[in-house]
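Visitor: I am new to this structure. Please take me closely through a single part of it, the aromatic rings, and explain the terms as you go.

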Amino acid sequence: MRYSEMFLPTVREVPSDAETVSHKLMIRAGMIRKLTSGIYSYLPLGYRVIRKVENIIREEMHNAGAQEVFLPMVQPAELWQESGRWVHYGKELLRFTDRHDREYCLGPTHEEVITDLVRHEVKSYRQLPVTLYQIQTKFRDEIRPRFGVMRCREFGMKDAYSFDATEEGAEINYEKMYAAYNRIFMRLGLKYRAVEADSGSIGGSYSHEFMVIASSGEDALVFCSACDYAANLEKAGAATGAPKPEKTEPVKILPRTEVHTPDIKTIEDVCAFLNVLPVQVVKTVIFNADGSPVVALVRGDEEINPIKLKNYLGCEVLELAKDDMIREVTGAPRGFAGAIGIKARMIEDYSLANMSNFVMGANREDYHLLNVNRGRDFEVSECADLRFVREGDTCIHCGSALKFARGIEVGHVFKLGTKYSQAMKAVYLDANGREQVMIMGCYGIGIGRTVAASIEQNHDDNGIIWPLPIAPYQVAIVPVNSDDARMAQAAEGLYQALSSRGFEVIMDDRNERAGVKFKDADLIGIPYRITIGPKNLAEGKVEIRERGSGAMNVLPLEQVVNFITGAVRKENE
């Protein structure tokens, strides 16, 4: 493609509303333009990258036995009411009515639609297993869209769904997709980790996230320093729930004492007022779980992980209790809750193990208790891992230290089980003629998000550094002076030679200064730049620069095609 004919509006200024590197560079490189909050248009350069990502995904989906479909984005409310998500999905689900007052939504995902399709077409075990996928537009009405296409409201996604007759078959399909995702992200040229994850609003019993490693990532991932264990922060567990204190002599149990703590509510204030450390305090946190109060106890230097608690309880909705529920349960206002005499189900975190003579709220306004002890002062029958892990905790598999990194979620695979097929009666007849519920899996990749994550991982101060498999073009030819007949002729010759051999080439034939051309080539991140300058050309040579490594080679014109051929082949191996 000749640069003079391209719709490629690069800009020098950093957009004022852009926060992340990928957002800034995608706008500056002429890849996207904002239409309205959280909704973007893809320009030709950006869409070329999108299509390359999609093509790799399609190839690996087909290799895994999945078949492509294309499902409606507009979905009737009835399907979501069947699954139970019409109410529970929340305000991210954009609902509307048509002229006949029938309710619909814009699809944020397609579990209901695909389940409806399969339940009407699949009747026998002989038709199973089946895996269907699509690449389709989704809409989620994010409360705060940000980071460009990283967290927007309208976005492209590859979503696949498997249907099986048996648990064993569902496990095989899950492993197929897990392996396919690994191949996809390797082919995209990304550094990534597959981590255990919570299934969230999609549901299901088990899932993995695929996280692109990037220091700018909005998600924390936890991994073992010695084995393959990795999980996102919401899911990660430690071997004992908390580091075990060293063994000491038996502790003398001290008399419980009530202390006046006027308007002292936070852990920091309590510790300062009573001259104690957070590890000597027990936090009593009250939650509303599907309308009922639940009390969680955790050591003062730890934080309750609401996802772990929600999964432990098996509830649909979990939120911090409001003041009226706190007063009903404790008899006191917020900030003075404790375990003694509390009127609710109570669960303690493993971090309370071996604690004695600790500080706790007195369930009385402006009072705390010293020297509280389990057994003597209160009993807890339930104990679970409820806290966020911390760096240095021990791995649940091998006992080695856990480490943290930042990542960007780009893919997620779920074992759905029968969550949707049971609710929507997606059944088949087995070999004995008995009706059975289909077992499902769900597998998603955010297309634009993957592109943005690649930029977050691969850039420098000058612009994007594309991995070759998804670069919009492979080679940029830059004559220093397009008006010079000899340079123009050499550029045209290389352009024709490389293009005829199937390479994707930009020839910068603009009447611009060399510095402008170089800046644009670096900004849009083309992997190989061929510079045709007067000094080298006088010797029949050109300069080839690799965008990623910065390595430069000066070669005769007749060797350029073989050099690019070898370099691209090596990158693709």
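Guide: What follows is a look at the aromatic rings, with a few words on the setting before them.

This is a predicted model, in which local features need pLDDT of at least 70, side-chain atom pairs count only at pLDDT 80 or more, and totals for chains, interfaces and linings use all residues. Residues are numbered from 1 along each chain as its sequence is written, and side-chain values use heavy atoms, with hydrogens and water left out.

The protein is divided into domain 1 (3–73 + 106–237 + 404–455), domain 2 (257–384) and domain 3 (473–572); the bounds come from an automatic or database domain assignment. Between the C-alpha centres of domain 2 and domain 3 there are 66 Å.

A pair of aromatic rings is described by the distance of the centres and the angle of the planes. Here rings of Phe, Tyr and Trp (its six-membered ring) pair if their centres lie within 6.5 Å; planes under 30 degrees apart count as stacked, over 60 as edge-to-face and the rest as tilted. By this rule there are 10 aromatic pairs.

One of them joins Y181 and F185 edge-to-face, with 6.2 Å from centre to centre and 75 degrees between the planes. Y181 and F185 are four residues apart in helix α6 (residues 167–187), so about one helical turn separates them. Helices (H or I, at least four residues) and strands (E, at least two) are DSSP runs, numbered from the N terminus. An α-helix has 3.6 residues a turn, so residues three or four places apart point the same way. Y181 and F185 are both buried, where buried means under 20% relative accessible area, exposed over 50%, and partly exposed in between (1.4 Å probe, protein chains only).

Another edge-to-face pair is F358 with F378, at 6.3 Å centre to centre and 70 degrees between the planes. This pair links distant parts of the chain, 20 residues apart: F358 is in strand β18 (residues 358–361), and F378 is in the loop between β19 (367–372) and β20 (382–384). Both F358 and F378 are buried.

Ring pairs also build a cluster from Y178, Y181, F185, Y192 and F210.

Charges can sit over rings as well: NZ of Lys or CZ of Arg must be within 6 Å of the ring centre and within 35 degrees of the ring normal. K415 lies over the face of Y174, 5.2 Å from the ring centre. Over the ring of Y420 sits the charged end of K419, at 5.5 Å from the centre.
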